[in-house]
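Subject: Handover of a structure and the findings from it

Dear colleague,

Please find below the sequence and the structure that I am handing over to you. I would ask you to keep the structure open while you read the notes that follow.

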Amino acid sequence: MTALPLIAVILGTRPEAIKLAPVIHALQASPHLRTEVILTGQHREMVDQVMQLFGLEADRDLAIMRPRQSLTDITEATLRGLETYFNTSQPDLILVQGDTTTAFAATLAAFYQRIPVGHVEAGLRTDDLYNPFPEEANRRLISQLASLHFAPTPQAVENLKRDHVVGSIHCTGNTVIDALLQVAAQGIPCPIPGLDWERHRVLLVTLHRRENWGEPLASIGEALLQILEEFPDTALLLPLHRNPVVRDPLQAQLGSHQRAFLVEPLDYHLWVAAMQRCTLILSDSGGIQEEAPALGKPVLVLRHTTERPEAIAAGTARLVGTSTSGIVNAARELLSDPQAYARMAQAKNPFGDGTAAQHIRTLIEQWVMARKNSIGSAE
Ligand code: UD1
């Protein structure tokens with residue numbers, strides 16, 4: 001009996017783990033496929049927690065994370081680690097997600113072994129190579145090498161067509177909605193010591209992007225202080241990314257404010273609970289721009305570009321940049337004008353209906369079958 005086709009799912013950071021968890025579950029349930037989960041280890045604690053929450057186990061862990069690792073460190077260690085893995089295991093397809101350096105380096109490593117790549121969340125573009133950095137370049141490079149492109153939205157499909165990518169393009173929805181709906185349905189509380197969800201309007205904030213390191217981060221921090229001062233009924237909940245380049249300056253600037261709650265990265269189910277309960281989200285994250293519309297939460301995007309124009313079009317997200325006055329003005333409008341707030345706080349779902357992972361599994365099964373038939377008929 002011949003072995004079933006092997007799909008290796010490769011991931012390294014928290015968002016990849018969240019967005020691939022539904023896909024891994026769907027693949028593991030397929031009677032036609034075998035699945036292996038490979039962690040690069042680009043992130044450690046932040047991924048371990050998600051793996052646990054979704055009941056996932058890694059088949060291999062390259063454990064590459066180093067303190068203050070550079071992009072070169074991540075790329076080099078991933079290429080080497082995956083070469084070793086491919087020497088012992090020959091997947092028929094690898095799956096990567098999004099735009100991280102793990103996803104790009106894994107794609108390149110597979111390409112060097114002539115192993116086809118499936119790209120989950122393909123086709124996002126800002127059309128500004130350095131914004132976000134290095135993610136815009138990572139996703140473009142992956143698109144050039146992948147054989148299966150799983151685009152979340154019609155806009156992403158158009159972007160891929162425009163780039164004349166090789167391989168097949170499929171519109172599947174975004175798998176983050178699968179994960180989000182599953183967790184949001186549990187309706188769990190989000191206890192934060194000292195924070196009163198009833199008494200305070202909570203501003204939920206996340207920051208980690210490389211383009212915002214240094215001066216932009218300081219100007220965002222100043223905006224947050226000014227908003228806290230102007231609106232005494234607000235509180236700030238800021239789960240700090242593990243990266244010391246981000247965490248240290250934020251802690252110094254905001255840590256001593258009475259209504260600023262700087263906490264460790266929240267477990268995903270608590271994070272979802274916090275999004276459900278907060279008043280307003282301010283963030284430089286990409287994924288949050290997808291989650292917030294589904295929950296009807298206004299997001300002020302602390303960046304100059306977005307690869308998720310669907311969230312802007314849906315009306316739930318607004319690009320406000322990183323200047324103190326721009327952020328304060330936008331927040332002031334939402335905190336003091338109930339109509340402006342209501343216009344933004346409408347649940348819409350431009351990123352999918354929660355069935356993306358099933359679509360992706362079916363497409364992979366069909367692809368594997370078609371490939372087997374074409375190899376069989378060529379023999
Ligand atoms: C990475 C991705 C980014 C993604 C983000 C999600 C790249 C280039 N960037 O950025 O696209 O949005 O993850 O979080 O791939 N650290 C820990 N423990 C952890 C995770 C990180 O200590 O579990 C610290 C380490 O000191 C590490 C630093 O954070 O050096 C930065 O991590 P890195 O993966 O280089 O970049 P991120 O900013 O997390």
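In which sense do strand 4 and strand 5 pair, and over how many bridges? Strand 4, residues 93–97, pairs with strand 5 in the parallel sense, and there are 4 bridges. Please bear in mind throughout that this is a predicted model.

**The sheet**

The pairing just described belongs to an open sheet of 7 strands, whose order is 3-2-1-4-5-6-7, with parallel pairing. Strand 3 (60–61) and strand 7 (168–171) stand at its edges; each has a single partner strand, so one side of each is left without a neighbour in the sheet. As background, the strands of a sheet pair through backbone hydrogen bonds, and they may do so in a parallel or an antiparallel way.

Strand 4 is a good place to begin. On one side, strand 1 (residues 6–11) runs parallel to strand 4 and is joined to it by 3 bridges. Within this pairing, I7 has L93 as its bridge partner, and V9 has L95. Towards strand 5, I94 of strand 4 stands opposite V117.

The side chains of strand 4 point in two directions: L93, L95 and Q97 point one way, while I94 and V96 point the other way. Is strand 4 buried, and why may it be called largely enclosed? Of its 5 residues, 5 are buried, so strand 4 is largely enclosed by the rest of the structure. "Buried" here stands for a relative accessible area under 20%.

Strand 5, residues 117–120, shows a similar arrangement of directions, with V117 and H119 pointing one way and G118 and V120 pointing the other. These residues of strand 5 are all buried. Beyond strand 5 comes strand 6 (residues 148–151), which runs parallel to strand 5 and is joined to it by 3 bridges. In that pairing, V120 stands opposite F150.

**The crossovers**

How do the helices fit between these strands? Strand 4, helix 4 (residues 101–112) and strand 5 together form a β-α-β unit that is right-handed. A right-handed β-α-β unit is also made by strand 5, helix 5 (residues 135–145) and strand 6.

**The ligand**

How many residues surround the ligand? There are 24, and the closest are Q42, H43, E45, T101 and E135. By type, the shell divides into 7 nonpolar, 9 polar and 8 charged residues. Helix 2 (45–53) and helix 3 (71–88) each contribute at least two residues to it.

Several polar contacts can be located in the model. A side-chain N or O atom of H43 is 2.6 Å from an oxygen atom of the ligand. For Q42, the distance from a side-chain N or O atom to a ligand oxygen is 2.8 Å. T101 takes part through its backbone, where a polar atom is 2.8 Å from an oxygen atom of the ligand. The ligand taken alone exposes 760 Å², of which the protein buries 94%.

**Loops with particular backbone geometry**

The loop between strand 5 and helix 5 deserves a careful look. P132 is found in this loop, and the peptide bond that leads to P132 from N131 is cis, with omega near -5°. P134 has its place in the loop too, and a cis peptide bond, with omega about 0°, joins F133 to P134. D127 also lies there; its phi is near 65°, a positive value in a residue other than glycine. D127 counts as partly exposed because its relative accessibility is 47%, which falls between the limits of 20% and 50%.

A positive phi is found as well at R68, with a value near 50°. R68 belongs to the loop between strand 3 and helix 3. Its relative accessibility of 58% means that R68 counts as exposed.

**Two residues to compare**

Finally, are Q52 and V205 buried or exposed? Q52, in helix 2, has a relative accessible area of 68% and is therefore exposed. V205, in strand 8 (residues 201–206), has a relative accessible area of 0% and is therefore buried. Measuring from C-alpha to C-alpha in the model, one finds V205 34 Å from Q144, and the two are 61 residues apart in sequence.

Yours sincerely

Definitions and conventions:
Residues numbered from 1 in each chain as written. Predicted model: local features only at pLDDT ≥ 70, side-chain atom pairs only at ≥ 80, totals over all residues. Heavy atoms only, no water. Buried < 20%, exposed > 50% of the residue type's maximum accessible area, 1.4 Å probe, protein only. Pairing = 2+ DSSP bridges. Right-handed = clockwise from strand over helix to strand, strands pointing away. Near = heavy atom within 4 Å. Polar contact = N/O pair within 3.5 Å; in protein donor to acceptor, adjacent residues only side chain to side chain. Areas by Shrake-Rupley, 256 points an atom, 1.4 Å probe, with all protein chains shown as cover. Nonpolar A, V, L, I, M, F, W, Y, C, P; charged D, E, K, R; others polar.
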